[in-house]
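Q: Could you take me slowly through the salt bridges, one pair at a time? I'd like to know where the partners sit, too.

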Amino acid sequence: MAKTPPPDFGKAGRLKIRTDEQGALVNVSAGEFIRSKLTVKGPGQAVFAFGCQHRPLWSAPDFPGHPQEVYEWPHFKQPGDADAPADTYALTIAFIGGITSYTFLMEKVAKSGTVVATLKDFDASSTAAQDVLHTGIMLLVS
Amino acid sequence: MIRRSVLLFLVCLTLPAFAHAQDTCLPNAQGFTQWMNCRIDLVIAAKSGPSGGEKQAEAPSVADDSTTLVDTSSAPDFVGLGVTLLGLRNAPEGSDDTNPGGTSITATAYSLLAAAYGKDPLADPDFYANHHNWRRVSFTVGREPAREGGAGLNSASTIAGVKVVLWDLREITRTENLTDIHSAVETANVAFANIQSAVTEILASALAPGGGPATGFAISSLGAGTFKATLMKVDAELLKRIDAAILARITAEVAMRDAIKAKITEIKNRPQISLAWSSNLRDATAPDQHRFQAILDYNLAPRLTATGNLGLDLIDDKDLTLPPDTETSVFRAAGSLKLAFAEPGHGLVLSQPVTLGLSLDLQVAGGDTKYKTQVKLDLPVTAGVTIPISLTWADRPEVIDEKEVRGLFGFTIDTSKLAALLR
C-alpha cells in the first residue's frame with residue numbers, strides 16, 4: 001500500500017504551484033497595477049485576508065456579494081494605495097469556513113489592461129478546517 | 001599533508017549539506033511560500049510544545065436491522081447509504097431466516113435541490129451558503145427484508161423517514177460564526193507580511209551583502225527557479241536568526257490559530273435538536289410501524305458525545321388481528337454515549353476516529369417497561385465510509401424478535417465526506 005505523502009501545509013493541505021514570485025517592480029507612475037483573483041470551491045464561505053505590512057486591505061466580508069465563488073481586487077489603481085515604496089503584501093487563506101479549494105492568481109497589469117507578468121498562480125486545497133496558508137510578495141513601486 | 005588536505009576538502013564539500021540538512025522545511029518545499037509556512041509551523045511548534053460524528057448515514061433505529069439503537073440529530077449534507085450486511089441472531093430453530101439485512105439511503109433536501117439546479121452541491125460556495133435551511137431536512141428510504149416466516153411485523157417492509165433539524169447552531173457558514181475569525185485572519189495576515197519582509201531582509205543581508213534593496217534579492221533569488229539554491233546556502237546560524245525573527249512577530253499568528261481551534265471546538269460542542277418520523281411501511285396484509293421522536297445531540301467533552309431520543313412508537317394495525325401481547329402505542333426514551341478513541345484530527349469536515357458507543361433504549365407501555373442495551377463500534381475505513389458493528393441485548397426476546405442477543409455488521413457511506421476526500 002502506497003504511503004500517503006506528508007501534507008504540503010498544515011494538517012492536510014495540498015499545493016499546486018504554477019508561479020510563485022517573491023518580488024516585483026511595479027511602475028505605478030506609468031499606470032501599472034496589481035490584479036488579484038481568488039477562486040474558491042467547497043461547501044462553505046471563504047475566509048481570507050489580503051494586506052500589506054502596514055494595514056489590512058481586503059477581507060472576504062468586504063465584498064458585497066460575499067459569500068461568492070470569485071473575489072477580484074486591484075491594487076495601485078487608487079491614489080494612496082501604496083503605503084511605502086517597498087512593501088510586502090500577503091494573502092492569508094483559511095479553511096475553517098468549509099471551503100476546500102482556493103486558486104489564487106496575482107498579475108501585474110499595464111495601464112492598457114494587458115497582463116505584463118504573472119506573479120502568483122497556485123491551487124491550495126485542504127480538508128482540515130484548521131489549516132491556514134500565507135503567501136507574500138515584496139513589491140517595489142516607482 | 002596530502003591526507004590533511006583531502007580531509008579538509010571533504011569537510012568543505014560536506015559542510016553545506018550539513019548546513020541545509022537541518023532545515024526540515026526545504027526538501028519538500030515547492031516554493032518560498034511553502035517554506036515560509038513550514039518555518040512558521042516549526043517555530044510555533046517549538047514554542048508551544050507537543051501539541052463530532054453526529055451525522056447519521058445508517059438506517060433509522062425503527063428498522064429492526066439498523067445497526068444503531070439511537071438516532072442522531074442530523075443527516076449527511078449530501079447522500080448517506082446504510083447497509084446491514086450481516087445479522088448474527090439466535091434465530092428460532094427450523095427458521096429459514098437467512099435474509100441479508102436492510103438497506104437505506106438518506107438524502108437532504110439540499111442534495112435534491114442541487115440536483116434540480118444541476119449544481120455541484122459541495123463545490124459551489126454561494127449555493128451552499130444560500131440554501132442552509134434545505135440542509136435541515138433529510139429523507140430516508142430503504143428496504144428491510146422479511147424474517148422468521150415473514151408474517152405480521154416480521155414481513156418485509158419499506159423504510160421511510162423524514163428528519164428536520166430544528167435548532168442548529170453548528171452551521172459553519174453562519175456569518176456570525178466567523179466574524180471573529182475574519183478579524184483574527186486579517187491581523188495575522190499583516191503580521192505575516194512583516195514576517196516575510198523581515199526574513200527576506202535577513203536572507204538578503206546575509207547572502208547578498210551590498211546587493212541593494214531586498215526586493216531585488218527577492219526577485220532574483222527567491223523565485224520558483226532559484227529559491228532552493230538560495231536556501232541551500234542557509235547555515236544553522238542564519239536559520240536561527242530567521243526563526244528568531246519569526247518568533248518576534250508570531251503573536252498574531254498564534255492568536256489566529258487559537259481562535260480557529262477554539263471556534264471548531266465551540267461549534268462542535270453546540271447542541272443540536274431535531275424532530276424525526278421514521279416508519280416501516282407494509283402492504284395491506286401487515287401492520288405499519290411508526291416512530292415519532294425528538295433528538296438531541298450534545299458534546300459532553302471533545303471525545304464524548306451524548307445523544308437522546310424521546311418519542312412515541314405507534315403500530316397501525318389496519319384492522320388486522322395482531323398477536324395478543326402486541327402494544328400499539330409505546331412511549332420510548334433512548335440515550336447513547338459515544339466515545340472517540342482519537343482527538344479529531346481533521347477539524348469539522350473529515351473527523352472520523354474509531355468510536356465506541358453505549359446505548360440504552362427504554363420502552364414503556366401499559367405500565368410495563370422493556371429495555372435494550374447496545375454496544376457499538378464504528379470503524380472508519382476512509383473518509384465517509386464506516387463499518388458499524390453492534391451487539392444488542394434485550395431483557396425480553398420479543399423486543400429484538402430474537403431470543404437474547406443480536407449482532408449486526410454493516411457499512412455506511414457519507415458521500416459528502418468521501419467527495420471532500422477525493423477532491
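A: First, a bit of vocabulary: a residue is buried under 20% relative accessible area, exposed over 50%, and partly exposed in between (1.4 Å probe, protein chains only). What you're looking at is a predicted model, where local features need pLDDT of at least 70, side-chain atom pairs count only at pLDDT 80 or more, and totals for chains, interfaces and linings use all residues. Residues are numbered from 1 along each chain as its sequence is written, chains are lettered from A and ligands numbered from 1 in the order written, and side-chain values use heavy atoms, with hydrogens and water left out.

Searching the whole structure turns up 18 salt bridges over all chains (a side-chain nitrogen of Lys or Arg within 4 Å of a carboxyl oxygen of Asp or Glu).

Let's start in chain A, where A:Asp8 and A:Arg14 meet through their side chains, 3.6 Å from N to O. A:Asp8 counts as buried because its relative accessibility is 18%, while A:Arg14, at 31%, counts as partly exposed.

Now hop over to chain B. B:Lys338 forms a salt bridge with B:Asp378, with 3.7 Å between the closest N and O atoms. B:Lys338 belongs to strand 8 (residues 329–340) and B:Asp378 to strand 10 (residues 368–382) of chain B, so this pair ties together parts 40 residues apart in sequence. (Strands are DSSP runs of E, at least two residues, numbered from the N terminus.) B:Lys338 is partly exposed at 25%, whereas B:Asp378 is buried at 9%.

B:Asp378 also forms a salt bridge with B:Lys376, the closest N and O atoms being 3.8 Å apart, and both of these residues are buried. Elsewhere on the list, B:Asp180, B:Lys263, B:Glu266 and B:Arg270 are joined into one network by salt bridges that share partners.

Technical notes:
Helix = DSSP H or I, 4+ residues; strand = E, 2+ residues; numbered from the N terminus.
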